[in-house]
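Dear colleague,

As promised, I am handing over the structure, and below it I have set out what was found. Please read the notes with the coordinates open beside you.

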Amino acid sequence: MTHEEFQAAVNYWKEKDAKSVKMERSKLAEAVEAYIRSKNTGALATGAGDFVRCTPLEYSYHDGFFWIFSEGGEKFIALEKNSNVCLAIFDGYGAPGGLHGMQVMGRAEMVEPFSEEYMSHAAYRKVSTAFLEKQKPPMNLIRIKPTRIDYLCSEFKKEGCSSRQTLVLEE
């Protein structure tokens, strides 16, 4: 592909979104939250320099954040250098017109082990203090503040809206 062809591909959704029918923000926010809460698994993309990683993992969502307990792994190579992440949450593809998934862009930060916030999330997840204290080294807790969510849902077309909607949470 030429540079121009790459740029055309980059701009495809920007141009399409500029002309699309938008859903009312409050209704979109409700739909986004419902979908996030209906799932607990996603793929976390991290990157820094030439290193990229996409890790399937379990998440929970509360207080406006995604929370992920993790023993470790190569995703931490990138997390140390770049707090920008993308979490993909999606249904399996079934057939045309069955699109359902989202890309959650946001910023990740590490929560200090055994801090009040760490223990509060452990209680939310019903993870016992005794279990956490046995983990050597301690479990890592990643907290992600979503900044933008691109939600793709074929069902939106039934409401007269584009199947791709964007919810900006932070400029």
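Lys-126 lies in the loop between H4 and H5, and in this predicted model its phi is near 60 degrees, a positive value in a residue other than glycine. Most residues other than glycine have a negative phi, and most peptide bonds are trans. With a relative accessibility of 74%, Lys-126 counts as exposed, since the cut-off for that term is over 50%.

A second residue with a positive phi is Asp-63, where the angle is near 60 degrees and the residue is again not a glycine. Asp-63 belongs to the loop between S3 and S4, and its relative accessibility of 63% makes it exposed. A further backbone feature is the cis peptide bond that leads from Lys-136 to Pro-137, with omega near -5 degrees; Pro-137 is part of the loop between H5 and S7.

To place these loops in the whole, it may help to have the general layout. The protein chain has 5 helices and 8 strands, which follow one another from the N terminus in the order α-α-β-β-β-β-α-β-β-α-α-β-β. Its C-alpha atoms fill a box of roughly 55 × 40 × 35 Å along the principal axes. Of the 171 residues in the chain, 37% are buried, and the accessible surface comes to about 10,300 Å², with 54% of it belonging to carbon and sulfur atoms. Among the contacts with a separation of 6 or more, 63% are between residues that stand 24 or more positions apart. As for charge, the chain has 22 positive and 24 negative charges, and the mean positions of these two groups are 3 Å apart.

Two of the helices deserve a closer reading, beginning with H4, which covers residues 116-124 and in which Tyr-118, His-121 and Ala-122 are buried. These three cover an arc of only 105 degrees around the axis, and therefore sit on the same side of H4. The exposed residues Glu-116 and Ala-123 are carried by the face of H4 that is turned away from its buried side. The cover over the buried residues of H4 includes S3, S4, S6, S7 and helix H5, the last of these being residues 129-134. Lys-126, the residue with which these notes began, follows H4.

Helix H2, residues 25-38, can be checked for its length as well: at 1.5 Å a residue its 14 residues should span 20 Å, and because its end C-alpha atoms are indeed 20 Å apart, the two values agree. The buried residues of H2 are Leu-28, Val-32, Tyr-35 and Ile-36. Seen down the axis of H2, they fall within an arc of 100 degrees, so they line one face of the helix. What do the buried residues of H2 pack against? Their partners are strands S3 (60-62), S4 (65-70), S5, S6 (100-111), S7 (140-153) and S8 (164-168).

Some single residues in other elements complete the account. Asp-17 is placed in helix H1, which runs over residues 3-19, and at 13% relative accessibility it counts as buried, because the cut-off for buried is under 20%. Leaving aside neighbours within four places in sequence, Asp-17 is in contact with Lys-22, Arg-164 and Thr-166. Asp-17 and Gln-165 are 148 residues apart in sequence, yet their C-alpha atoms are 8.1 Å apart in space.

Thr-147, which lies in strand S7, is likewise buried, with a relative accessible area of 12%. Not counting residues up to four places away in sequence, Thr-147 touches Met-105, Gly-106 and Arg-107, and also Leu-167, Val-168, Leu-169 and Glu-170.

Is Ala-88 buried, exposed or partly exposed? Ala-88 has a relative accessible area of 23% and is therefore partly exposed; its place is in strand S5, residues 84-90. Apart from residues up to four places away in sequence, Ala-88 touches Gly-42, Ala-43 and Met-102. Between Ala-88 and Met-105, which are 17 residues apart in sequence, the distance from C-alpha to C-alpha is 8.8 Å.

With kind regards

Definitions and conventions. Residues are numbered from 1 along each chain as its sequence is written. This is a predicted model: local features need pLDDT of at least 70, side-chain atom pairs count only at pLDDT 80 or more; totals for chains, interfaces and linings use all residues. Side-chain values use heavy atoms; hydrogens and water are left out. Helices (H or I, at least four residues) and strands (E, at least two) are DSSP runs, numbered from the N terminus. Buried means under 20% relative accessible area, exposed over 50%, partly exposed in between (1.4 Å probe, protein chains only). Contact means heavy atoms within 4.5 Å. Accessible areas come from the Shrake-Rupley method with a 1.4 Å probe; for residues, only the protein chains shown count as cover. Lys and Arg count as positive and Asp and Glu as negative; His and the chain ends are not counted. The place of a charge is taken as NZ of Lys, CZ of Arg, CG of Asp or CD of Glu. The expected span of a helix is 1.5 Å times one less than its number of residues. The arc is that of the directions from the helix axis to the C-beta atoms.
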